[in-house]
Every structure is written in C-alpha cells, then in structure tokens.
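Hello,

Here is the structure I promised to pass on to you. Could you open it alongside this email while you read my notes?

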Amino acid sequence: MSAYNSLTYNASLCVGCTECMKACALAKTGDATNLDQSRIKIVPAQEPEKFEAAICRQCGDAKCVMNCPSGALTKNGANGVIDWNADTCVNCLLCTVGCVYGGITYEASVGHVAKCDTCGGDPACVKVCKSGALGYVTTASIYNDYGDKEDMFVPGLAACQGCNSELMIRHVMRKLGRNVVVAAPPGCIPGMGTVGYNGKAGAKIPIFHPLLTNTASMLSGIKRTFERQGRDVTALALAGDGGTSDVGFQSLSGAAERGERILFICFDNEGYMNTGMQASGATSFGSWTSTTPVGDKLHGKSTDAKNLPMVMMMHNAAYVATASSVFMEDFYQKLDKAVEASKHGFAYLHLYAPCPSGWRFPAGLTIDICRLMVESNFVTLWDYTPGGGLEFTHPVDTPKPLDSYLKAIGKYRHLANEQVDRIKKLLEDRLSMLKRFQKA
Amino acid sequence: MTALAKHKKMIVVDGNEAAARGVALARPDVVAVYPITPQSSLVEALSAMIAGGELDAELMNVEGEHSVLSALQGAALAGARTYTATSGPGLAFMFEPYIRQPGMRLPMVMSLVTRDTLTPQCVWGGHQDAMLVREVGWIHMYCETVQEILDTVIMGYKVAEHPEIMLPVNVNHDGNYLSYGVTSCELPDQALVDDFLGPKSVNWHVALDPERPMGVDPLVGNAGGVGPSMFVRYRKGQTEAMAHSLEVISEVHADWAKRTGRHHAPLIEEYRLDDAELALVTLGSMTGAAKDCCDMLRDSGRKVGIIKVKTFRPFPALAMRNALSKVKAVGVVDRSVSYGWNSGPVYQDTLTVIGKFGLKLPAIPFIAGLAGADITVAHFERAFDLVAKGEAPPGPVWLNEKD
C-alpha cells in the first residue's frame, strides 16, 4: 500500500499571519511562542507582500529518505508520512541537504532534526489557516479505505471502452458491500452484463432488471418489505438517464414524494446510448443523436435537457447531489451522505457519464471530458439537503471556455454560433438559479 | 344447532367490502392501492382496516396502477404476500408489470372489479377489461355472488401460492352489480382461514434478498448465449403450471367446502342441466338472473339449464365438454366483445371446445350487459327462445340493442 497524504500550500492565498506556526509550536511543544520549533515556517518571498512555506511535502520519492544512512527516515506505507526515528538517527544532517522544500531542518534548541508528522492526519496548522492557503490532501484515502474491499461485480463486464459507468458502479458497490438489493433497469448497466447468473456472471449481490419504467416503485416494495421484517437492507438503483427522466419518471417522482428509503443513482450519459444513441429527455440542447440527427432541416436536439437533480431537489428529497468521476473524494463523501440519508428518506445521486461511443470522442479522453465539463461549468457539482440548502462542492469561479468543451465532443461538431450562444445562456441561467438555493 | 352453525358470523356488505374482508382474513403483508371507479370503496375499506389496526399490513399509497403492481412485485420478491385491486383504465395502465408477473412466477391475488373499456367513455361494469388480458398468464376466476367473492379471494391465495402453481390470480367481480350490491354473507373465522392457508411461502424460488443473493431475470433467449432452450423451458413450465392449476383450483374449492360448508363450483357450474335440451353459458353476476329465468321456464315445462363459467383462465375445456355434451343447443352470453371474431370471447372458447371434442350442436353468440346495461330475466328468455329456434345469425345478438 502506498499513500501520499500531505499538506498543500497555495502561496497566492497566504497573508503571512503565521497562525499556522503558532498552532504547530503549540501542538508540538505546548507553547505557541516557540516559533523556532514550528515545523512549518512562513517566510517572505522575493516579491513584496508574498510568502513561501518551508514544510515537509511527504514526498513519494523522498530525497531525505534516500540520503539517510541509518534508516531513521522511512516512508510510512499506511498514511504516507515520512517518519523520523530518534533512536536510529545519527545526527548526520544529510537529510537536510537533500530536501529542497526546507521540510526537515536542524533544531538547535532540541539538538536534532524535526519535521512535520501531519499531526496523525489532522494537522493543527490547516485548522487555523483562515486564508485557505494551507490544505491537507488525502490522495490515496479511497485506496486505503476501500482497496481491500470486495469488488461486487465479476471481472469482464462488457462496457464500451472508456466508459466510466463500469468504474463507478464498482466503486459504489465496494463501498456499499453485500447488504443491498440492486435494481439495474434496461440500459448500459445491465447491457454490460451486470445482471448475470447467481454470482458466476454479473454480480455477487442480489441484482435484477426492473422494467425501464418502474425501478423506483419496485425498490419501494422491496424496501417496505424488509422494513416490515425489521431488516436494514439498502435498496439501490443503478439507472440511466432515460429510464430516470423519461418513462421511469413517474415512479421516481412518486417514490420521492413518499420519502421511500431508497438510494437512486442516475448515470447520465445524455441518452439511450446502449441501444444506438437515441435522444432522451436528459440530452443536452444541440446534441446530435440518432433520433435528433443533423441535416438541412434539423440541427440536433432542439430542446433543453431536463435537469433531473434540480427536479429531485424540488421533490424535497432527503439528499440530492451531482457528482463526477474526476472528483472521487467528493463523490465518496456524497455517497456517504446519500447512504445515510437513504435510511430516513429518498436519496438521489446524479453522476455525469460522458459516453465516448455516443458522444463521439476518443475512449482515452473520458476523464479529461469529465474534468472539462465541470471546469467549464457545463455541469455543476453540488449537494442539497432540505434543511441545509444547496452547497457547491467544487465551485468554478473562472471557468474554462465552453468552446473548449464543445469542440472536444463530436456530437456538438455541427453547432452554429447561435446554438452555442443559446447553450451559454442556458448555463448562465442555470447557475444563477442554483445559486438561489445556496445555503445562507 | 350444528357445530358449523355455531361459528357463523353474518355480515351485510357489498362486493367490494366482501373482497376487502376476504383479503384481511388472508393476512397480506403489503397492500398497494390506487383508487378507480368502481373499485375505490374496496381499497378504501382496506385502508380503513389498516388504519384501525384490524389488518396488520404495509399500506402503500402509490401514484398509479403501474407502480401499484411494480411495488407489489418488489415486495413479493422480498417475501411478502401481496394484494391490490383495479378496474378498466387502471388495468390498462398496469399492463406492463401485469404481463411480467406470471413469468416471474410471483403468486398474488388481485381483484378485478370489472368495467367496460374506453371509448365511448363509461365507468360502468362489463368484462371487457378482464377479457383484454385473458392471454397474459394470470388465472382468472369470475364470481357470481358477494359470498363467492369473499370466499374466492381467500381461496385465490391458496391456489396462487401452491408450490406446483406459483402464479398470480385475478378474482373478478362485476363492477356495479357486485361491487355495490349489498347482501348478507358469512364471515369465516380467522383461525379457520389461517389453518386453511397455512404458512406463507412466496419467494422460495426467486428472491431479492442479501441472504440468498441471485441475479433475477437476466436476459434469456435468442439463438446465442444460453440459447433458446432456457426460454422455452420457462414458457413451458408456465403453461404446464397453468394447465395443472385446474386440478388445484378444484382441490382448493373442495377443501374450502369441507371447512365452511359452502360449495362453489370451481370450474364450471351446471345448473339444472342433467335433463336439459338447451343451455345458456354465463359468466359472473348475470348468472343470477339467468338462473331465475331458467327456473321460470322450467316451471312452464321447458327443458333448459345454465352453464356458468367460474374459472375462465385457464379454460376448463373438459368440464365444459361434459356440460355441453348434455344439451342439443347452446347460447353464450358475453359481457364483452372480441373484435377479431365479431362475437364474444366466451363464445369463441365454447366453439373451440365444440370443435376440439367433435361435439355436434349449434351455438349462438349473444352480447349483453355492456357498460353497466342490465341483463334481465326477459333478456335471457329471449336468448333461450332464439337458441330453441336453432338459427345462428351471421353476427352476435345484441340483447340490449333496443334498451
């Protein structure tokens, strides 16, 4: 196991208040005035009013570790911290020569080197940083937490190359485990072979095809029956946008209104991609699909996408969130909240699933497209609870140009300038509407 | 006073409430409801029983009939005994999950409070709704009286959950005439019903349960993959269970009669048929007036009888042959139409029995009682007269045409 948990420092946000140094000194010596012994040092940069931080980055290929002749410095495989062992240290200080970040230095007052140990994963400095310059990233936390968990799908699901839905359903089920009943309505997810034969093909968990139309109502009956039996079993939907927004919408709306204890995850690839790329109610304006083709008279989809997560928010569901496979920690946090919410109400997760086959982009670019759609504000990552309101979980204040997103995807290749303008206007309107639901 | 009579508890109810009382005695786990005329008072009665604690069941007020049956399928897959009721347009809206239920071999009882179908607009009784789904694979039993509704709902569970059957059962009662017709009937003891039905066993064969993980209803069929044989195996098993259910329905009715003293003909009822020369075939509540007419004509010396179909799907061909072979001519009174044959569905099945067994007798099609029209003794008398003449017109005789 390898992990790269570390502090991060954004110099452009630092105001030089040195609160982090005081917090570190307090945490490590019991005296906030012992700034010499703080393991983070904020120092003036060459530019006026700018600062730099000397702090251990807990490098993956740490020079200090390589330089250490006595084995006193080692990379901790579980949490990624570079541990220093006083008993084996020979005070040669070769480590301090190796580090370009000033992350390990000799402390004369104590007579040996000192370095950041991330306070056991809960760094004191980050907590007091008001400017947001300091952060703590847990890059491999998902791996650490879920790497040993069982994959509930058998190897060899037949998703198209570059499909992120398979990736995401494997993540979801590693997290949820076996105490679950999974509905996979007709579409890409059963199409890739998830509903198989008794654990030998498909999935190792109870899984079934509902109709395209009745996912939420079948799950309602299942959940109510287990509740009646006094059993806490998660009722989960892994559905596409067509079955969710079109023919399946009535049952979805009814289940949300009734507050059924269901976790409903919609994989939005903007259409019926499994059966030949036909348009759904969730297909975005202007998109080429096989039923919104491009010709002299028609120029792709002429209407806007139904925005399902907003519709579910209006149902006052217990939890609603949008998520992207690029921001996995964000997704895992939302999955946690959704599972919890589904114990007392209807939880809805909307996952963006760009489709290389149907959207016409190279299979190797899926993750780039996922990132670009968020960073251009084509979609917005947020979550909502009835009491707490809406919170943007990855706000993008200076979005990348929309054109860079549209031009990367073949289904928008034909767009005229007026169509692009309309999309821009739609996105602006939607963002300002979402902002009205933001937490006060 | 007999031992049986000591336990008698009489109630005065309409057909809808009788169905609800029968359901409550069968102790379903989950009841899903959506109101529709003329079924509404049935699900209202059930809701009230659950609200009052008289019936310990999960009540699901869902947003339409499609979800009603979908929720119940989910519930059954998790092990629940289930119930609902619907009519006409509700049944039409429910069609997608409805056609799936028998293939999943999920037992349940659903009352069809039969109603004629649109269009023209109508909200009144008729068999057209139930007849449109006669080839879907549900067992269909039609009731004649309020008591028969109550009893058949309970018996329906025993048939549906029989381990050799495992199929859904529609217990049909006529909208208006039976749904709102009030009469006295006997309410069986809970203990008697508990003993009769035995323990629930709904999902031993297919389940959605983490304790028994399985993939439910994967793709089967076509020439690739697991091949056509598995699909054929499913279909064949379904049709064999359907055929076998005639035997089980008869056993269950006999068992019920032994316990309650009430004998309902399970498949075909022969009324004053043994020395009859002419007979009318009936279905549902019209049978009462038909029997009155039969008695009246018998009093005047005419040799007439009635053949009532109780179990319409699967069609009890042998029992029908036995009945038809006693008479020289027959008329069939349908409360619905078969557009493809310009007659009624029961008439078509009667012709099939006549042909299949090489019987030689004329059969005349009648259509009556559409959209709540009354079929009176006078109508049946006219039908008997036409059968007596033995002249089959080119199309059906519409008995209410001039009403």
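Two strands count as paired here if DSSP finds at least two bridges between them. By that rule, strand β10 of chain A, residues 207–208, pairs with β9(B) in the parallel sense, over two bridges. One of the residues involved is Ile207(A), whose bridge partner in β9(B) is Gly215(B). Please keep in mind that this is a predicted model.

That pairing belongs to an open sheet of nine strands with mixed pairing. The order runs β16(A)-β15(A)-β13(A)-β14(A)-β12(A)-β11(A)-β9(A)-β10(A)-β9(B). Its edge strands are β16 (389–392) of chain A and β9 (215–216) of chain B, each of which pairs on one side only.

Now for the wider interface: 35 residues of chain A are in contact with 30 residues of chain B. On the chain B side, β3 (58–61), α4 (65–77), α6 (95–100) and β9 each supply at least two of the residues that touch chain A. The largest share comes from α4(B), with nine residues. Sorted by class, this side of chain B has 16 nonpolar, eight polar and six charged residues.

Happy to talk it through whenever suits you.

Best wishes

Note on methods:
Residues are numbered from 1 along each chain as its sequence is written. Chains are lettered from A and ligands numbered from 1 in the order in which they are written. This is a predicted model: local features need pLDDT of at least 70, side-chain atom pairs count only at pLDDT 80 or more; totals for chains, interfaces and linings use all residues. Helices (H or I, at least four residues) and strands (E, at least two) are DSSP runs, numbered from the N terminus. Two residues are in contact if their C-beta atoms, placed from the backbone, lie within 7 Å. Ala, Val, Leu, Ile, Met, Phe, Trp, Tyr, Cys and Pro count as nonpolar, Asp, Glu, Lys and Arg as charged, and the others, Gly among them, as polar.
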